[in-house]
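Biologist: Please take a close look at one part of this model and tell me, step by step, what surrounds it and how its side chains are placed. I would like a connected account rather than a list.

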Amino acid sequence: MKRNLGIATCGLACCLCSENVTCKGCRAGDCADKATCENLKCSAEKHFAHCYECPEDCRKGLLRKIKPYAFTQFVKRYGEEKLLDCLEQNEKNGVVYHREGINGDYDDFDDVEKLIAFIQTGKR
């Protein structure tokens, strides 16, 4: 886990991403998708660093997908440090963020509350 990369603007876990090993996360400003990322643009327009800082319950851009939406909801409830702590513990216990391409153990959910419970416990 690269904890210093933290959580992306949209809620994805940059700290666990294995897709682009040279990426320093959206906060570093070198995101390949920064010109087209709806979440990055919206957050910047509203002067937020992350979607979870916004009081709206939004499903724009990547928040249409359950994983970033659930991660964002988790942070709104419990804070980013708690999410990072849970993700780190889950990784130590064998939970995989990217198993096949960009899909992993956090992608097998169709219910936000079940995914949030999985983040907290690492158990289904």
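Modeller: A residue is called buried when its relative accessible area is under 20%, exposed when it is over 50%, and partly exposed in between, with a 1.4 Å probe and protein chains only. The model is a predicted one, in which local features need pLDDT of at least 70 and side-chain atom pairs count only at pLDDT 80 or more, while totals for chains, interfaces and linings use all residues. Residues are numbered from 1 along each chain as its sequence is written, and side-chain values use heavy atoms, with hydrogens and water left out.

The part I would choose is helix α2, residues 66-78, where helices are DSSP runs of H or I with at least four residues, numbered from the N terminus. The expected span of a helix is 1.5 Å times one less than its number of residues, so the 13 residues of α2 should cover 18 Å, and the end C-alpha atoms are indeed 18 Å apart. Most of this helix is covered, since 10 of its 13 residues are buried; among them are I66, P68, A70, F71, T72, Q73 and V75. The partners against which the buried residues of α2 pack are α3 and α4, contact being heavy atoms within 4.5 Å. Just after α2 comes G79, with a positive phi of about 95°.

The aromatic side chains add a further layer to this picture. Rings of Phe, Tyr and Trp (its six-membered ring) pair if their centres lie within 6.5 Å, and planes under 30 degrees apart count as stacked, over 60 as edge-to-face and the rest as tilted. Six such pairs turn up in a search of the whole structure. The pair of F74 and Y78 has ring centres 4.8 Å apart and planes at 55°, so it is tilted. F74 and Y78 are four residues apart in α2, and therefore about one helical turn separates them. F74, at 0% relative accessibility, counts as buried, whereas Y78, at 39%, counts as partly exposed. A second tilted pair is that of Y97 and Y106, with 6.0 Å from centre to centre and 55° between the planes; Y97 is buried at a relative accessible area of 5%, and Y106 is buried at 1%. Ring pairs also join F71, Y97, Y106, F109 and F118 into a cluster.

Two other side chains of α2 take part in charge-over-ring arrangements, for which NZ of Lys or CZ of Arg must be within 6 Å of the ring centre and within 35 degrees of the ring normal. K67 lies over the face of Y97, at 4.1 Å from the ring centre, and the ring of Y69 has the charged end of R59 over it, 3.7 Å from its centre.

From the neighbouring side, helix α3 (residues 80-92) also has 13 residues and agrees with its expected span, at 18 Å. Its buried residues are E80, L83, L84, C86, L87 and N90. Down the axis of α3 these fall within an arc of 165° (taken from the directions of the axis to the C-beta atoms), so they line one face of the helix. Their cover includes α2 and α4 (112-121), and after α3 comes G94, with a positive phi near 100°.

Definitions and conventions:
Helices (H or I, at least four residues) and strands (E, at least two) are DSSP runs, numbered from the N terminus.
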